[in-house]
Amino acid sequence: MIIMLLVAVLVPDTGRICAAASDESVGTNRDASTQKVSSRAKEILEGMSLKEKVGQMFFSGAWTTGDAKKMVKKYHLGGVLLYKNSFDGRTKAGVKKQISQIQKASDIKLLIPVDEEGGTVIRVSGNKKLRKTPFKSPSKTYAAGGWKLVKKEAKEKAKLLKSLGVNTNLAPVADLPKNRKSYIYNRAFSTNAKKTSKFVRLVVKEFEKQGEISTIKHFPGYSGNADSHSEVVYDKRKLKTLEKHDIIPFKAGIAAGAPMVMVKHTVLTSIDPKWPASLSPKIHKYLREKLGFKGVIVTDSLTMEAPQKWTGSNGKAAVQAVLAGNDLICTGSAKGEYEAVLKAVRKGKIKESRINESVQRILELKLSKGIIK
């Protein structure tokens, strides 16, 4: 009886010790893996020229495979953004061949991003040869089958993109529209912060499982603001208001391990009345220090109206974007922007250490996803 009692007391303790040892082992292995990736990224970085490093900070849109290959070789791009026309009418084999040809043009394998949100923004699934039916908007998917269907479609979306050679999705949308009249409403999951947070976490984690890169956007949230594609937009709400609502889904995505965050062009006056969020050092400091984001920050497209009106040209906008703290610059054509940033580094306006900081993050992301070895 005494022996049995001793066993009953000791076994749970042993289990706790074993569990603790197991947790510690997992943490140690994860730390070792992270260190290995960081060291390899640094090794690659040290062997790159300034031109190559600056090029890694751009992903540029391409209307044809030939254009993409030329831009990759000339500007050493970090990625090539594919538009709807890159997929229209093509078979799966045709898309894979196209992306393979673009990848072969680069010494350092590329990020291949698309916008495949579902609903009104579908670059890939709009082609019936690639998917029988287009992906619905996440809100309609939820209405049709709840969280189970949302998870299923997130998994299917990640697998479809990966099967084509697309390694990055510029989604999920983490914005909280103010109401049905809001510009972002049809692309958003919900007006509810808690539900949207759950959606963002689910998508980020599902993409991670499939080895795909997700991008939470558009930080710090559209809400009821107008479309910055066509005008300069001022968001005059207090920061406390944003933190109690709009920023919550972004915090959830970051906590879930989102590898990328896209910053939009709205001027958030409570943090920085001088610059749009995408060009604001203060916004980037908030994202890094307050929210603790350690991944890759990417601008919304610099071809949109707001950044051009603010700086006068795409080239100046690209320079300011780098100074602000962006790691990746999204643009239609990298030519003027690339040359402007390269010139700014050579003249000392941008420190090379600032470039190195971003390229290190980009390389770490590519290594962690197996894009480069």
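**Exercise 1. In which helix is Lys205 found?**

Work on the predicted model. Place Lys205, judge its exposure, then describe the positive patch it belongs to.

*Solution.*
Step 1. Lys205 sits in helix H6.
Step 2. Its relative accessible area is 46%. Buried means under 20% and exposed means over 50%. Lys205 is therefore partly exposed.
Step 3. Lys205 is a member of a positive surface patch, together with Lys151, Lys155, Lys159, Lys194, Lys198, Arg201 and Lys209.
Step 4. Sort the patch by helix. H5 and H6 (193-209) each supply at least two of its residues. H6 gives the most, with 5 residues.

**Exercise 2. Classify Thr141 as buried or exposed, and list its contacts.**

*Solution.*
Step 1. Thr141 lies in helix H5, which spans residues 138-164.
Step 2. The relative accessible area of Thr141 is 3%. The cut-off for buried is under 20%, so Thr141 is buried.
Step 3. Leave out residues up to four places away in sequence; Thr141 then touches Lys136, Gly146, Leu149, Val150 and Glu153.

**Exercise 3. Find the buried residues of helix H8 and the elements they pack against.**

*Solution.*
Step 1. H8 covers residues 248-255. Its buried residues include Pro249, Phe250, Ala252, Gly253 and Ile254.
Step 2. Look at what the buried residues of H8 pack against: H6, strand E7 (215-219) and helix H9 (281-290).
Step 3. Move just past the end of H8. There Gly257 takes a positive phi of about 100°.

**Exercise 4. Compare the exposure classes of the two partners in the Arg237 and Asp246 salt bridge.**

*Solution.*
Step 1. Check the contact. The side chains of Arg237 and Asp246 meet at 2.9 Å, N to O. A salt bridge needs the nitrogen within 4 Å of the carboxyl oxygen.
Step 2. Arg237 has a relative accessible area of 22%, so this residue is partly exposed.
Step 3. Asp246 is at 1%, and therefore counts as buried.
Step 4. Set the pair in context: a search of the whole structure finds 16 salt bridges.

**Exercise 5. Trace the salt-bridge network that includes Asp327.**

*Solution.*
Step 1. Start with Arg288. This residue forms a salt bridge with Asp327, and the closest N and O atoms are 2.7 Å apart.
Step 2. Locate both ends. Arg288 is in helix H9, while Asp327 is in the loop between helix H11 (314-324) and strand E12 (329-331). The pair is 39 residues apart and links distant parts of the chain.
Step 3. Take the Arg361 contact. Its side chain meets that of Asp327 in a salt bridge of 2.7 Å, N to O. Arg361 is in helix H13 (residues 352-368), 34 residues from Asp327.
Step 4. Check burial. Arg361 has 17% relative accessible area, so Arg361 is buried. Asp327 is at 0% and also counts as buried.
Step 5. Join the pairs through shared partners. One network holds Arg288, Asp327, Arg354, Glu357 and Arg361.

**Exercise 6. Identify the cis peptide bonds at His218 and Pro220, and the positive phi at His76.**

*Solution.*
Step 1. A cis bond joins Lys217 and His218, with omega about 0°. His218 belongs to strand E7.
Step 2. The bond from Phe219 to Pro220 is also cis, with omega near 5°. Pro220 falls in the loop between E7 and strand E8 (234-235).
Step 3. His76 is not a glycine, yet its phi is positive, near 55°. His76 is in the loop between helix H3 (65-75) and strand E2 (79-82).
Step 4. With 26% relative accessible area, His76 is partly exposed.

Conventions:
Residues numbered from 1 in each chain as written. Predicted model: local features only at pLDDT ≥ 70, side-chain atom pairs only at ≥ 80, totals over all residues. Heavy atoms only, no water. Helix = DSSP H or I, 4+ residues; strand = E, 2+ residues; numbered from the N terminus. Buried < 20%, exposed > 50% of the residue type's maximum accessible area, 1.4 Å probe, protein only. Contact = heavy atoms within 4.5 Å. Patch = residues over 30% accessible without salt bridge, like charges linked within 9 Å, V, L, I, M, F, W, Y side chains within 5 Å. Areas by Shrake-Rupley, 256 points an atom, 1.4 Å probe, with all protein chains shown as cover. Lys, Arg positive; Asp, Glu negative; His and termini not counted. Charge placed at Lys NZ, Arg CZ, Asp CG, Glu CD.
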